[in-house]
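User: I would like to go through this model step by step. Please keep the answers short.

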Amino acid sequence: MMLDTLEGATIVVTGVTGQVAEPVALALARANHVVGAARFRDQAARDRLEAGGVRCVPIDLVAGDVGGLPADAEYVLNFAVAKSNDWEADLDANVGGLALLAEHHRAARGFLHCSTTAVYKPMGHHVFAEGDPLGDNHAVWPFLRTYSIGKIAAEATARWAARRFGLPTVIARLSVPYGNRGGWPAVHLEMLRNGSAIPVHSDAPSVYHPIHEDDIVAMVPRLLAVAAVPATVVNWGGDEAVSIEDWCGELAALTGLEARFEPTDQTIDSVQIDLTKMHELVGGTTVDWRAGLRRMVEARHPELLRADGDGAA
Ligand SMILES: NC(=O)c1ccc[n+]([C@@H]2O[C@H](COP(=O)([O-])OP(=O)(O)OC[C@H]3O[C@@H](n4cnc5c(N)ncnc54)[C@H](OP(=O)(O)O)[C@@H]3O)[C@@H](O)[C@H]2O)c1
(Lines give C-alpha, C1' and ligand atoms only; values in the text may rest on other atoms or scores of the structure.)
Protein backbone atom coordinates (compact mmCIF):
# COMPACT_ATOMS: atom_id res chain seq x y z
CA MET A 1 0.00 0.00 0.00
CA MET A 2 1.48 3.35 -1.05
CA LEU A 3 0.58 6.22 1.24
CA ASP A 4 3.59 8.21 0.15
CA THR A 5 1.72 11.40 -0.64
CA LEU A 6 0.05 11.58 2.77
CA GLU A 7 2.43 11.77 5.71
CA GLY A 8 2.28 13.85 8.83
CA ALA A 9 -1.10 15.31 7.93
CA THR A 10 -4.16 15.75 10.13
CA ILE A 11 -6.96 13.83 8.42
CA VAL A 12 -10.58 13.62 9.53
CA VAL A 13 -12.33 10.40 8.51
CA THR A 14 -16.09 10.31 9.03
CA GLY A 15 -18.07 7.07 9.06
CA VAL A 16 -14.87 5.68 10.52
CA THR A 17 -16.48 2.59 12.07
CA GLY A 18 -17.95 1.61 8.70
CA GLN A 19 -16.92 -1.09 6.27
CA VAL A 20 -15.11 1.23 3.87
CA ALA A 21 -13.59 3.81 6.22
CA GLU A 22 -12.14 1.60 8.95
CA PRO A 23 -9.31 0.08 6.85
CA VAL A 24 -8.61 3.51 5.31
CA ALA A 25 -8.33 5.20 8.70
CA LEU A 26 -6.13 2.43 10.12
CA ALA A 27 -3.80 2.54 7.12
CA LEU A 28 -3.52 6.33 7.15
CA ALA A 29 -2.93 6.38 10.92
CA ARG A 30 0.43 4.69 10.38
CA ALA A 31 1.87 7.93 8.99
CA ASN A 32 -0.66 10.64 9.82
CA HIS A 33 -2.71 12.08 12.66
CA VAL A 34 -6.11 10.57 11.95
CA VAL A 35 -9.26 11.77 13.68
CA GLY A 36 -12.07 9.27 13.26
CA ALA A 37 -15.68 10.45 13.52
CA ALA A 38 -18.97 8.61 14.01
CA ARG A 39 -21.57 8.18 16.75
CA PHE A 40 -19.56 5.05 17.70
CA ARG A 41 -22.45 2.65 18.05
CA ASP A 42 -19.94 -0.12 17.25
CA GLN A 43 -17.70 -0.23 20.32
CA ALA A 44 -15.59 -3.08 18.93
CA ALA A 45 -14.75 -1.00 15.85
CA ARG A 46 -13.88 1.97 18.08
CA ASP A 47 -11.56 -0.25 20.12
CA ARG A 48 -9.81 -1.49 16.96
CA LEU A 49 -9.42 2.07 15.68
CA GLU A 50 -8.02 3.41 18.95
CA ALA A 51 -5.63 0.47 19.15
CA GLY A 52 -4.47 1.44 15.64
CA GLY A 53 -3.75 5.03 16.64
CA VAL A 54 -6.95 6.74 15.44
CA ARG A 55 -8.27 9.47 17.75
CA CYS A 56 -12.02 8.95 17.97
CA VAL A 57 -14.27 12.02 18.20
CA PRO A 58 -18.04 11.56 18.42
CA ILE A 59 -20.18 13.48 15.93
CA ASP A 60 -23.84 13.24 15.00
CA LEU A 61 -24.67 14.29 11.47
CA VAL A 62 -28.44 14.13 12.03
CA ALA A 63 -28.15 16.63 14.86
CA GLY A 64 -25.50 18.60 12.93
CA ASP A 65 -23.01 18.14 15.74
CA VAL A 66 -19.50 18.25 14.21
CA GLY A 67 -17.97 20.87 16.51
CA GLY A 68 -15.53 18.47 18.20
CA LEU A 69 -13.58 17.91 14.98
CA PRO A 70 -10.35 19.87 14.42
CA ALA A 71 -11.24 22.73 12.05
CA ASP A 72 -7.59 22.97 11.03
CA ALA A 73 -7.48 19.42 9.59
CA GLU A 74 -5.76 19.38 6.20
CA TYR A 75 -7.90 16.65 4.68
CA VAL A 76 -11.41 15.31 5.23
CA LEU A 77 -12.68 11.94 4.03
CA ASN A 78 -16.47 11.75 4.28
CA PHE A 79 -17.44 8.09 4.40
CA ALA A 80 -20.37 8.57 6.79
CA VAL A 81 -23.75 7.46 5.52
CA ALA A 82 -27.07 7.23 7.32
CA LYS A 83 -29.34 4.42 6.11
CA SER A 84 -32.10 4.53 8.72
CA ASN A 85 -34.76 4.49 5.94
CA ASP A 86 -36.32 7.57 7.57
CA TRP A 87 -36.37 10.30 4.92
CA GLU A 88 -35.99 13.25 7.26
CA ALA A 89 -33.22 11.73 9.37
CA ASP A 90 -31.28 10.46 6.35
CA LEU A 91 -31.53 13.75 4.46
CA ASP A 92 -30.51 15.64 7.61
CA ALA A 93 -27.45 13.40 8.08
CA ASN A 94 -26.31 12.79 4.51
CA VAL A 95 -27.11 16.22 3.09
CA GLY A 96 -27.46 18.79 5.89
CA GLY A 97 -24.75 17.07 7.94
CA LEU A 98 -22.42 17.13 4.94
CA ALA A 99 -23.02 20.88 4.48
CA LEU A 100 -22.15 21.50 8.14
CA LEU A 101 -19.08 19.26 7.88
CA ALA A 102 -17.81 21.09 4.80
CA GLU A 103 -18.45 24.45 6.45
CA HIS A 104 -16.57 23.36 9.57
CA HIS A 105 -13.64 22.22 7.39
CA ARG A 106 -13.75 25.06 4.88
CA ALA A 107 -10.01 25.64 5.36
CA ALA A 108 -9.05 22.06 4.40
CA ARG A 109 -6.70 21.38 1.49
CA GLY A 110 -8.84 18.54 0.21
CA PHE A 111 -12.29 17.05 0.85
CA LEU A 112 -13.17 13.58 -0.43
CA HIS A 113 -16.89 12.89 -0.49
CA CYS A 114 -17.60 9.21 -1.00
CA SER A 115 -20.58 8.77 -3.29
CA THR A 116 -21.87 5.66 -5.01
CA THR A 117 -22.65 4.33 -8.47
CA ALA A 118 -26.17 3.91 -7.05
CA VAL A 119 -26.70 7.53 -8.13
CA TYR A 120 -27.06 6.38 -11.76
CA LYS A 121 -30.48 5.88 -13.30
CA PRO A 122 -31.10 2.16 -13.90
CA MET A 123 -30.41 1.59 -17.61
CA GLY A 124 -29.75 -2.13 -17.95
CA HIS A 125 -26.33 -2.90 -19.38
CA HIS A 126 -25.40 0.69 -20.17
CA VAL A 127 -21.81 1.51 -19.20
CA PHE A 128 -22.06 4.67 -17.10
CA ALA A 129 -19.70 7.63 -17.51
CA GLU A 130 -19.77 10.50 -15.04
CA GLY A 131 -22.08 12.68 -17.16
CA ASP A 132 -24.77 10.03 -17.56
CA PRO A 133 -28.30 10.35 -16.16
CA LEU A 134 -28.91 10.08 -12.42
CA GLY A 135 -31.95 8.36 -10.94
CA ASP A 136 -33.43 6.39 -8.08
CA ASN A 137 -31.37 3.24 -8.56
CA HIS A 138 -32.46 1.78 -5.19
CA ALA A 139 -36.22 2.35 -5.54
CA VAL A 140 -36.71 -1.43 -5.85
CA TRP A 141 -35.16 -2.03 -2.42
CA PRO A 142 -37.69 -0.93 0.23
CA PHE A 143 -35.09 -1.37 2.99
CA LEU A 144 -32.80 1.25 1.36
CA ARG A 145 -35.44 3.57 -0.05
CA THR A 146 -33.64 6.82 0.89
CA TYR A 147 -30.23 5.74 -0.39
CA SER A 148 -29.96 6.84 -4.03
CA ILE A 149 -31.89 10.07 -3.66
CA GLY A 150 -29.97 10.98 -0.51
CA LYS A 151 -26.65 10.29 -2.23
CA ILE A 152 -27.64 12.39 -5.26
CA ALA A 153 -28.65 15.24 -2.95
CA ALA A 154 -25.35 14.81 -1.09
CA GLU A 155 -23.39 15.19 -4.33
CA ALA A 156 -25.22 18.43 -5.03
CA THR A 157 -24.31 19.62 -1.54
CA ALA A 158 -20.65 18.68 -1.95
CA ARG A 159 -20.60 20.54 -5.29
CA TRP A 160 -22.19 23.59 -3.66
CA ALA A 161 -19.77 23.51 -0.72
CA ALA A 162 -16.76 23.35 -3.04
CA ARG A 163 -17.86 26.57 -4.74
CA ARG A 164 -19.25 28.31 -1.65
CA PHE A 165 -16.15 27.75 0.48
CA GLY A 166 -13.49 27.38 -2.22
CA LEU A 167 -12.96 23.91 -0.74
CA PRO A 168 -11.09 21.58 -3.14
CA THR A 169 -13.41 18.58 -3.40
CA VAL A 170 -13.49 15.21 -5.10
CA ILE A 171 -16.70 13.22 -5.35
CA ALA A 172 -15.83 9.56 -5.89
CA ARG A 173 -18.67 7.27 -7.00
CA LEU A 174 -17.81 3.95 -5.43
CA SER A 175 -18.99 0.68 -6.98
CA VAL A 176 -18.83 -2.48 -4.79
CA PRO A 177 -16.22 -2.26 -2.00
CA TYR A 178 -15.21 -5.54 -0.42
CA GLY A 179 -12.42 -7.12 1.57
CA ASN A 180 -11.59 -8.60 4.92
CA ARG A 181 -13.89 -6.04 6.55
CA GLY A 182 -16.94 -7.25 4.57
CA GLY A 183 -18.99 -5.93 1.65
CA TRP A 184 -21.67 -7.23 -0.69
CA PRO A 185 -19.67 -10.35 -1.72
CA ALA A 186 -19.26 -11.07 2.03
CA VAL A 187 -23.04 -10.85 2.42
CA HIS A 188 -23.36 -13.30 -0.45
CA LEU A 189 -20.88 -15.62 1.26
CA GLU A 190 -23.18 -15.65 4.31
CA MET A 191 -26.11 -16.41 2.01
CA LEU A 192 -24.22 -19.34 0.50
CA ARG A 193 -23.51 -20.56 4.03
CA ASN A 194 -27.14 -20.51 5.10
CA GLY A 195 -28.47 -21.85 1.81
CA SER A 196 -30.33 -18.67 0.77
CA ALA A 197 -30.97 -18.06 -2.92
CA ILE A 198 -29.17 -14.93 -4.18
CA PRO A 199 -31.33 -12.36 -5.95
CA VAL A 200 -29.94 -11.31 -9.32
CA HIS A 201 -31.56 -9.09 -11.89
CA SER A 202 -33.60 -10.90 -14.54
CA ASP A 203 -31.74 -8.79 -17.12
CA ALA A 204 -28.69 -10.98 -16.54
CA PRO A 205 -25.87 -10.77 -15.71
CA SER A 206 -25.79 -8.33 -12.74
CA VAL A 207 -22.52 -6.51 -13.39
CA TYR A 208 -20.53 -4.20 -11.06
CA HIS A 209 -16.92 -3.31 -10.39
CA PRO A 210 -15.87 -4.88 -7.08
CA ILE A 211 -12.94 -2.98 -5.57
CA HIS A 212 -10.78 -4.44 -2.83
CA GLU A 213 -10.14 -2.42 0.34
CA ASP A 214 -6.37 -2.40 -0.43
CA ASP A 215 -7.07 -0.54 -3.68
CA ILE A 216 -9.42 1.86 -1.88
CA VAL A 217 -6.71 2.61 0.68
CA ALA A 218 -4.09 3.09 -2.03
CA MET A 219 -6.26 5.41 -4.11
CA VAL A 220 -7.37 7.81 -1.37
CA PRO A 221 -4.24 10.04 -1.50
CA ARG A 222 -4.44 10.16 -5.30
CA LEU A 223 -8.11 11.09 -5.15
CA LEU A 224 -7.35 13.89 -2.69
CA ALA A 225 -4.67 15.10 -5.10
CA VAL A 226 -7.34 15.74 -7.77
CA ALA A 227 -9.76 17.55 -5.44
CA ALA A 228 -10.67 20.84 -7.09
CA VAL A 229 -13.06 23.76 -7.33
CA PRO A 230 -15.53 23.11 -8.88
CA ALA A 231 -15.61 19.56 -7.53
CA THR A 232 -14.08 16.70 -9.49
CA VAL A 233 -16.53 13.84 -10.03
CA VAL A 234 -15.12 10.41 -10.81
CA ASN A 235 -16.27 6.79 -10.92
CA TRP A 236 -14.41 4.58 -8.43
CA GLY A 237 -14.35 0.83 -8.99
CA GLY A 238 -12.19 -2.19 -9.68
CA ASP A 239 -10.71 -2.39 -13.18
CA GLU A 240 -12.57 -5.61 -13.90
CA ALA A 241 -16.33 -5.71 -14.49
CA VAL A 242 -17.60 -8.76 -12.60
CA SER A 243 -21.13 -10.06 -12.21
CA ILE A 244 -22.78 -11.26 -9.01
CA GLU A 245 -23.23 -14.56 -10.81
CA ASP A 246 -19.45 -14.77 -11.41
CA TRP A 247 -18.33 -13.72 -7.94
CA CYS A 248 -20.81 -16.05 -6.25
CA GLY A 249 -19.65 -18.83 -8.59
CA GLU A 250 -16.10 -18.11 -7.46
CA LEU A 251 -17.13 -18.17 -3.78
CA ALA A 252 -18.84 -21.51 -4.42
CA ALA A 253 -15.71 -22.88 -6.11
CA LEU A 254 -13.52 -21.69 -3.22
CA THR A 255 -15.74 -23.21 -0.54
CA GLY A 256 -17.63 -26.08 -2.13
CA LEU A 257 -20.90 -24.38 -1.10
CA GLU A 258 -23.72 -24.20 -3.63
CA ALA A 259 -24.63 -20.85 -5.23
CA ARG A 260 -28.35 -20.70 -6.04
CA PHE A 261 -29.71 -17.67 -7.89
CA GLU A 262 -33.17 -16.15 -7.90
CA PRO A 263 -33.67 -13.92 -10.97
CA THR A 264 -36.08 -11.07 -10.30
CA ASP A 265 -36.79 -7.53 -11.49
CA GLN A 266 -37.26 -6.51 -7.84
CA THR A 267 -33.55 -6.09 -7.22
CA ILE A 268 -31.08 -3.46 -8.31
CA ASP A 269 -29.93 -3.43 -11.90
CA SER A 270 -26.39 -3.76 -13.24
CA VAL A 271 -24.25 -0.66 -12.86
CA GLN A 272 -21.27 -1.12 -15.12
CA ILE A 273 -19.04 1.95 -15.15
CA ASP A 274 -16.66 3.63 -17.56
CA LEU A 275 -13.33 3.95 -15.76
CA THR A 276 -11.58 6.15 -18.34
CA LYS A 277 -11.63 9.22 -16.10
CA MET A 278 -10.51 7.27 -13.03
CA HIS A 279 -7.59 5.83 -14.98
CA GLU A 280 -6.60 9.27 -16.27
CA LEU A 281 -6.79 10.93 -12.86
CA VAL A 282 -5.65 8.31 -10.35
CA GLY A 283 -4.68 5.15 -12.24
CA GLY A 284 -6.06 1.64 -12.00
CA THR A 285 -6.60 -1.02 -9.37
CA THR A 286 -4.21 -3.83 -8.57
CA VAL A 287 -6.03 -6.57 -6.65
CA ASP A 288 -7.31 -9.34 -8.93
CA TRP A 289 -10.94 -10.00 -7.98
CA ARG A 290 -10.50 -13.75 -7.57
CA ALA A 291 -7.45 -13.28 -5.35
CA GLY A 292 -9.33 -10.61 -3.37
CA LEU A 293 -12.32 -12.91 -2.82
CA ARG A 294 -10.04 -15.70 -1.68
CA ARG A 295 -8.43 -13.38 0.87
CA MET A 296 -11.89 -12.31 2.02
CA VAL A 297 -12.95 -15.92 2.63
CA GLU A 298 -9.64 -16.63 4.36
CA ALA A 299 -10.14 -13.66 6.69
CA ARG A 300 -13.81 -14.19 7.46
CA HIS A 301 -14.36 -17.95 7.24
CA PRO A 302 -11.04 -19.78 6.91
CA GLU A 303 -12.80 -23.04 7.82
CA LEU A 304 -14.78 -22.79 4.56
CA LEU A 305 -11.83 -22.79 2.16
CA ARG A 306 -11.58 -26.09 0.35
CA ALA A 307 -8.46 -28.12 1.03
CA ASP A 308 -7.40 -27.97 -2.63
CA GLY A 309 -7.83 -24.18 -2.36
CA ASP A 310 -8.63 -23.68 -6.04
CA GLY A 311 -11.21 -21.23 -7.26
CA ALA A 312 -12.77 -21.22 -10.69
CA ALA A 313 -9.77 -19.49 -12.26
N1 LIG B 1 -20.75 -0.63 1.29
C2 LIG B 1 -21.06 -0.54 0.00
O3 LIG B 1 -21.39 -1.55 -0.67
C4 LIG B 1 -20.97 0.81 -0.70
C5 LIG B 1 -21.12 0.86 -2.10
C6 LIG B 1 -20.98 2.07 -2.76
C7 LIG B 1 -20.74 3.22 -2.03
N8 LIG B 1 -20.64 3.16 -0.66
C9 LIG B 1 -20.40 4.40 0.08
O10 LIG B 1 -19.24 4.22 0.87
C11 LIG B 1 -19.35 5.03 2.05
C12 LIG B 1 -19.13 4.17 3.27
O13 LIG B 1 -20.15 3.16 3.28
P14 LIG B 1 -20.09 1.92 4.29
O15 LIG B 1 -20.79 0.79 3.64
O16 LIG B 1 -18.72 1.78 4.82
O17 LIG B 1 -21.05 2.46 5.45
P18 LIG B 1 -21.43 1.71 6.80
O19 LIG B 1 -20.61 0.48 7.00
O20 LIG B 1 -22.92 1.63 6.87
O21 LIG B 1 -20.94 2.78 7.91
C22 LIG B 1 -21.60 4.01 8.02
C23 LIG B 1 -20.78 4.91 8.93
O24 LIG B 1 -21.47 6.16 9.09
C25 LIG B 1 -21.65 6.43 10.49
N26 LIG B 1 -22.90 7.15 10.70
C27 LIG B 1 -24.15 6.73 10.42
N28 LIG B 1 -25.05 7.65 10.81
C29 LIG B 1 -24.34 8.67 11.35
C30 LIG B 1 -24.71 9.91 11.94
N31 LIG B 1 -25.99 10.28 12.10
N32 LIG B 1 -23.72 10.74 12.38
C33 LIG B 1 -22.42 10.37 12.25
N34 LIG B 1 -22.01 9.23 11.69
C35 LIG B 1 -22.96 8.37 11.26
C36 LIG B 1 -21.67 5.04 11.13
O37 LIG B 1 -21.32 5.04 12.51
P38 LIG B 1 -22.42 5.26 13.69
O39 LIG B 1 -23.65 4.51 13.29
O40 LIG B 1 -21.74 4.73 14.92
O41 LIG B 1 -22.61 6.74 13.75
C42 LIG B 1 -20.58 4.34 10.33
O43 LIG B 1 -19.31 4.70 10.82
C44 LIG B 1 -20.73 5.69 1.98
O45 LIG B 1 -20.61 6.95 1.41
C46 LIG B 1 -21.50 4.77 1.05
O47 LIG B 1 -22.56 5.44 0.40
C48 LIG B 1 -20.73 1.96 0.02
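User: How many residues surround the ligand, and which are the closest?
Analyst: This is a predicted model. In it, 29 residues surround the ligand. The closest are Gly-15, Gly-18, Ala-38, Arg-39 and Thr-116.

User: Which strands each supply at least two residues of the shell around the ligand?
Analyst: By class, the shell holds 18 nonpolar, six polar and five charged residues. Strands that each give at least two residues to the shell are E5 (110–116) and E8 (176–179).

User: What is the strand order in the open sheet of seven strands?
Analyst: The pairing in this sheet is parallel. The order is E3-E2-E1-E4-E5-E7-E13.

User: Which strands stand at the edges of that sheet, and by what angle are neighbouring strands turned on average?
Analyst: An edge strand here has a single partner, so one of its sides is left without a neighbour in the sheet. That applies to E3 (55–58) and E13 (232–236). Ignoring direction, neighbouring strands are turned against each other by an average of 20°.

User: Which residue in E2 stands opposite Thr-14?
Analyst: E1 (residues 10–14) and E2 (residues 33–38) pair in the parallel sense. Five bridges join E1 and E2. Opposite Thr-14 in E2 stands Ala-37.

User: At what angle does helix H1 run to E1?
Analyst: H1 covers residues 21–28. The helix lies across E1, E2 and strand E4 (75–78). Its angle to E1 is about 165°.

User: How are H3 and H4 placed: roughly parallel or roughly antiparallel?
Analyst: Two packed helices are described by the angle between their axes and the distance between the axes. For H3 (residues 87–104) and H4 (residues 147–165), the axes come within 9 Å and cross at roughly 15°. Angles under 35 degrees count as roughly parallel. H3 and H4 are therefore roughly parallel.

User: Is the crossing of H3 with H4 left-handed or right-handed?
Analyst: Residues of H3 that meet H4 include Leu-91, Val-95 and Leu-98. On the H4 side, the contact includes Ala-154, Ala-158 and Phe-165. The contact residues divide into 10 nonpolar, three polar and three charged. As for its hand, the crossing is right-handed.

User: What is the strand order in the open sheet of three strands, and which strands stand at its edges?
Analyst: The pairing in this sheet is mixed, and the order is E9-E8-E12. An edge strand has a single partner, so one side is left without a neighbour in the sheet. The edge strands are E9 (182–183) and E12 (210–212).

User: Which residue is the bridge partner of Tyr-178 in E12, and what angle does H6 make with E12?
Analyst: E8 and E12 run parallel, joined by three bridges. In E12, Tyr-178 has His-212 as its bridge partner. H6 packs on this sheet and touches E8 and E12. The direction of H6 makes an angle with that of E12 of about 75°.

User: Where are Pro-205 and Pro-230 found?
Analyst: The peptide bond from Ala-204 to Pro-205 is cis, with omega near -10°. The bond from Val-229 to Pro-230 is also cis, with omega near -5°. Pro-205 is in the loop between E10 (198–201) and E11 (207–208). Pro-230 is in the loop between H6 (213–225) and E13.

User: What is the phi of Phe-40?
Analyst: Phe-40 sits in the loop between E2 and H2 (43–51). Its phi is positive, in a residue other than glycine. The value is near 60°.

Technical notes. Residues numbered from 1 in each chain as written. Predicted model: local features only at pLDDT ≥ 70, side-chain atom pairs only at ≥ 80, totals over all residues. Near = placed C-beta within 6 Å. Helix = DSSP H or I, 4+ residues; strand = E, 2+ residues; numbered from the N terminus. Nonpolar A, V, L, I, M, F, W, Y, C, P; charged D, E, K, R; others polar. Axes fitted to C-alpha atoms, helices over the stretch in contact; angles between N-to-C directions. Parallel < 35°, antiparallel > 145°, perpendicular 65-115°, else oblique. Left-handed = near helix turned anticlockwise from the far one by under 90°. Contact = placed C-beta atoms within 7 Å. Pairing = 2+ DSSP bridges.
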